[in-house]
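Reader: I have a few "how do you know" questions for you. Could we go through them together?

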Amino acid sequence: MKDGFVRVASMTPKVTVADVRANLEAVKVLMKEAYDKGAAIVSFPELVLTGYTCNDLFLQKKLLDEAKKALVELKEYSSEFPGTLFFIGLPLQVKSKLYNVVAAVKDGEICGFTTKKYIPNYGEFYEARWFNPGPVKGDFIEFGEDYIPFSNELCYKFSNFEDLIVGVEICEDLWTVNPPSTSMVTVQGASLIVNASASNELIGKANYRKSLVSSTSARLLCAYVYTSAGEGESTQDIVFSGHNIIAENGSVLAESKRFSGESIYADIDVEKLVAERRRMSTFRANEDRSADFAAIINLDEIRKLDLELNRFYDKAPFVPSDKEERDARCEEILNIQSYGLKKRLEHTHSKSAVIGISGGLDSTLALLVTARAFDLLGLDRKGITCVTMPGFGTTDRTYSNAVLLTKKLGCSLREISIVDAVRQHFHDINHDESVHDVTYENSQARERTQLLMDIANQTAGLVIGTGDLSELALGWATYNGDHMSMYAVNVSIPKTLVRHLVRFYADTCKEEELSRVLLDVLDTPVSPELLPPDKDGKIAQKTEDLVGPYELHDFFLYHMLRFGMTPKKLFRIAKLAFAEEIKENTYSDAIIYKWLRTFTWRFFAQQFKRSCLPDGPKVGSVAVSPRGDLRMPSDASSHIWMLELDELKEELGIE
């Protein structure tokens, strides 16, 4: 699969205890199914060829011989499924000792035997009666005419997929204080861990199991494929449900319904995992290995298919979809913003704040945050000076909302028209007022910022910045205009999240008139209002008509900065995330491509504005502060990204 994805399958056949031939046929059926569905890594349960519940039958030579024969047959059968790696559990006798192992089978060969490291012998488990723990140091064992790697820390890598390294655990290994997967990841760089398991059901155990798999994948920054025994195992004392789980960095991508025999599939984004590891300086694969055994087995190519991705991508990655979680997130963010500003006001001994209030979303959020900060400090909200500065593009609607919002929050209001001052400026620089170019627009933005700074000097206060993360990513701000402030409370809030924060405040403020104003602000088109209104007095300059939909830009921003995704991959996953909008003809390939190209070009070209941002609080995992998350040269070239976009354009056949 292209773009760093690999499809994995977790499969639990119905077994017959001690009937190896029946189990062999059941495994064969699922091997073909997995291959037909595009899986490249396929995991079966612990001891699947015999059944986990054979008990003292594991001591019978006949059972062990049949399991060995079945594995040889599966080895040969695997050649019908080129490029696919299968993990199959069985008991294996080596030098008169019995081991619980998982065989890695690919392209007609047995690639390695992973031995179970921790043998449970408590409660309902008494495996130590039959099995030995794997050797401390790996070895090679004779199997037929071959010598096969034999260890409890084997990993597998592929000649055509550098970042995919697969490690194997067996059941109890995961549940211990020091699981083998830790060293597989930190020493050998494993990005995917397979666990062949036989985990019985007890009240509450399923939730713990799911939590354990999920948290392990998060702790190790890996994908984790957990495959457990199910129907057909003996129910003499315990019951197995076939609870299969596939997780990636803390997120459960697929989970089987228990007691269903369901096979599950997921497309693991290996590139994303490796990008996260690059980003986290505390994650480092330890190359110093004292053991002389080659723990990484080099294999030929893994199959790569151009498949339709079996993944979900949220079109609003900054915004939780669940309302209860979203409300809790909004409250937390407002607290981070407010306490950040509270500290800055305390440090500067300021009892005054100055905000340019436009009646738009960003300045509204900044004002709400400032009001909360003043409340935390026990300061009179009259110390918040809201300045409305009507210009050539100001409409009655936004002006009215700015005035009402200020009054309802109990702040001070100053109205200063910038029209005469800007006209004087046009005269001074010999600019024709009828020419509505960038000079026309930016002159207004800089005049407003000058007024705010000077009023802050008058009142011994701070100018509170209103610009948001999305605008900074696109450079949609006037340099040394609305780009500048003394503390920028919205600096890491994307536009899609700003809306929800204002909505949350409207829903929870318990003031009907204030809520009504906030809801009207939410309904107002996003605009800098730097161009004259239309003939009906309505906003003529709509930001999203000019730079593109913020929902697309926020999606691109999240996945590019958070996981280093390439333009082609961004386009691919955007089509998945916005499938409904594509179906409704809101977006097309050409539209998504157009705005992806705009985003990429602007992101690079506008870095100089982000290189000198004022202070402001970080609230999420994506931020652009030059002192924190984004240390990027202002003159970095976008050339290789734009070349890939050119290739994409040609592939799509877009004019």
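Reader: Which residues gather in a patch of negative charge on the surface?

Author: Glu109, Glu145, Asp146, Asp300 and Glu301 form that patch. A word on the basis: this is a predicted model, where local features need pLDDT of at least 70, side-chain atom pairs count only at pLDDT 80 or more, and totals for chains, interfaces and linings use all residues. Residues are numbered from 1 along each chain as its sequence is written, and side-chain values use heavy atoms, with hydrogens and water left out.

Reader: What makes a group of residues a patch?

Author: Patch members have over 30% relative accessible area and no salt bridge; like charges are joined within 9 Å, and nonpolar side chains (Val, Leu, Ile, Met, Phe, Trp, Tyr) within 5 Å. A salt bridge is a side-chain nitrogen of Lys or Arg within 4 Å of a carboxyl oxygen of Asp or Glu. Asp and Glu count as negative, Lys and Arg as positive, with His and the chain ends not counted. The place of a charge is NZ of Lys, CZ of Arg, CG of Asp or CD of Glu.

Reader: Why is Asp300 called exposed?

Author: Exposed means over 50% relative accessible area, buried under 20%, and partly exposed in between (1.4 Å probe, protein chains only). Asp300 has 58% relative accessibility, so it counts as exposed. Its place is in the loop between strand E15 (296–299) and helix H6 (323–347); helices (H or I, at least four residues) and strands (E, at least two) are DSSP runs, numbered from the N terminus.

Reader: What is the phi of Lys95, and why mention it?

Author: Lys95 has a positive phi of about 50°, although it is not a glycine. It is worth mentioning because most residues other than glycine have a negative phi. Lys95 lies in the loop between strand E3 (85–94) and strand E4 (97–106).

Reader: Leu221 also has a positive phi of about 50°. Is Leu221 buried or exposed?

Author: Leu221 has 5% relative accessibility, so it counts as buried. Lys95, at 72%, counts as exposed. Leu221 sits in the loop between helix H4 (205–219) and strand E11 (223–228).

Reader: And why is Trp641 called partly exposed?

Author: Trp641 comes out at 30% relative accessibility, so it counts as partly exposed. Trp641 belongs to helix H20 (residues 639–652).

Reader: Which residues does Trp641 contact beyond its neighbours within four places in sequence?

Author: Those are Pro567, Thr600 and Phe604, where contact means heavy atoms within 4.5 Å.

Definitions and conventions
Areas by Shrake-Rupley, 256 points an atom, 1.4 Å probe, with all protein chains shown as cover.
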